[in-house]
Amino acid sequence: MAEADYGAGGGYDSRAVTALKRPDDAGWEGFATRAVHAGQGPDPASGAVVVPLVSSATFAQSSPGSPGAFEYSRTGNPTRNAAEANLASLEGGVGAVACASGMAATTMALQLLDAGSRVVATRDCYGGTFRLGEQVFRRHGFEFAWVDTSDLSATTEAIRAGASMVFVETPTNPLLRIADLRAIASACRSEGALLVVDNTFMSPFFQRPLELGADIALHSTTKYLNGHSDGVGGVLAVRDPALLERLRFLQNAAGAVLSPFDAWLLLRSARTLALRMERHDENAGRVARMLVERPEVSRVFWPGLPDHPGHALAREQMTGFGGMVSFEVGDVDRARRVMEAFRLFTIAESLGGVESLVNHPATMTHASIPAPIREEIGVTDGLIRLSVGVEDDVDLLADLRAALGTAA
């Protein structure tokens, strides 16, 4: 991966934002070009330059048991297939499977394993991932070792103790810790463990785990890939054809597939992904640097800040720092006052949309994690998470200043 040129604005050199050249991409090297065109050629039937929305549940057969390219939309759908081709191209994979939600994608990844498998997973992860592991898969005999995956020594030690899969978030949600993907991938290969990387926070525009050695790059497509808060989905992109076939079997057998309409929305959104991610990153950098200067704020979490513990590693394996910023204001009462004072940032779950959102992890996205564990990993009652949108920065900063003034 080319070395990125990070400017004062927390930006990047667009020449560094490229992915693998693949024959089915007609030799396109640029990320933005492939985002617009991969899987999105003109419709051969009509010449439409936008991939058609095919909502049909079933498809005609010329003879019993003799389907054409498609037979049933759970098994395959033209619109979903186009979205899968597009997202696989953006991640530099051989293929992808699209699911009904990010959690459906996480479930499908874990379904690759046998009952009784041991999974090493990021400790300060999205609360829904923790809930799925502890309250669902543990009942089926799975063992989960929750570790700080930004601590390479602790992570490799946990892998060597036995692991069928290593499930990593980087940057983590909501503390934006950074894991060394190349080193963890090497440890996984040595121990024969699958490496799954939740790449939701970065999108393939800023980070491509498959190029760093991961087996699966996972996304909640609800977030940056959709980018407009109007569709729910998930995807798993892979670099190994055999693993792709295993996932396609699970996709058909278990049936938690992405709807044609949500796939169509993803294709629409991919066309502006590069532009949107540039603006998210620029605005988040301005927000983070302003927060550092505010007396009401005790800590700021954004990998683009030079004093972030993972800053050097982030510069090495990412081509930007993303649109997520977290900060602490002391306690839950102050956090509530600040959040209720926002006028532009909207209090809501989710992230990655063009509009700016504000979230209180302890009572919202991470409420399913027991309070003692939340405190241990650093998700305090005074922690606020921002999903910085693409609005004008002057308005975002003014809204932040006004809201922070209530914390005094």
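In this predicted model, Thr149 has a relative accessible area of 1% and is therefore buried, the cut-off being under 20%. Thr149 sits in the loop that links β5 (143-147) with α5 (152-160). Its side chain makes a polar contact, at 2.9 Å, with the side chain of Thr122. Beyond the neighbours within four places in sequence, the residues in contact with Thr149 include Ala121, Thr155, Val168 and Glu169, with Ala179 and Ile184 also among them.

Aromatic residues offer a second point of interest. The model holds 10 aromatic pairs. In one of these, Phe137 and Phe142 meet edge-to-face, with 5.1 Å from centre to centre and 75 degrees between the planes; both residues are buried. Phe142 also pairs with Phe144: the ring centres are 6.4 Å apart and the planes lie at 25 degrees, so this pair is stacked. Relative accessibility is 6% for Phe142 and 9% for Phe144, and Phe144 thus counts as buried. Phe137, Phe142 and Phe144 belong to one aromatic cluster that also includes Phe130 and Trp146.

Turning to the sheet, 5 strands form an open, mixed arrangement in the order β10-β11-β14-β13-β12. Its edges are β10 (299-301) and β12 (346-347), each of which pairs on one side only. Strand β10 runs antiparallel to β11 (residues 324-328), and 3 bridges join the two; Val300 has Phe327 as its bridge partner in β11. Helix α12 (residues 332-341) packs on this sheet, where α12 touches β12, β13 (357-359) and β14 (383-387). The direction of α12 makes about 25 degrees with that of β14.

Technical notes
Residues are numbered from 1 along each chain as its sequence is written. This is a predicted model: local features need pLDDT of at least 70, side-chain atom pairs count only at pLDDT 80 or more; totals for chains, interfaces and linings use all residues. Side-chain values use heavy atoms; hydrogens and water are left out. Helices (H or I, at least four residues) and strands (E, at least two) are DSSP runs, numbered from the N terminus. Buried means under 20% relative accessible area, exposed over 50%, partly exposed in between (1.4 Å probe, protein chains only). A polar contact is a pair of N or O atoms within 3.5 Å; within protein, one must be able to donate a hydrogen and the other to accept it, and residues adjacent in sequence count only if both atoms are side-chain atoms. Contact means heavy atoms within 4.5 Å. Two strands pair if DSSP finds at least two bridges between them. Axes are lines fitted to C-alpha atoms, for helices over the stretch in contact, and angles run from 0 to 180 degrees between N-to-C directions. Rings of Phe, Tyr and Trp (its six-membered ring) pair if their centres lie within 6.5 Å; planes under 30 degrees apart count as stacked, over 60 as edge-to-face and the rest as tilted.
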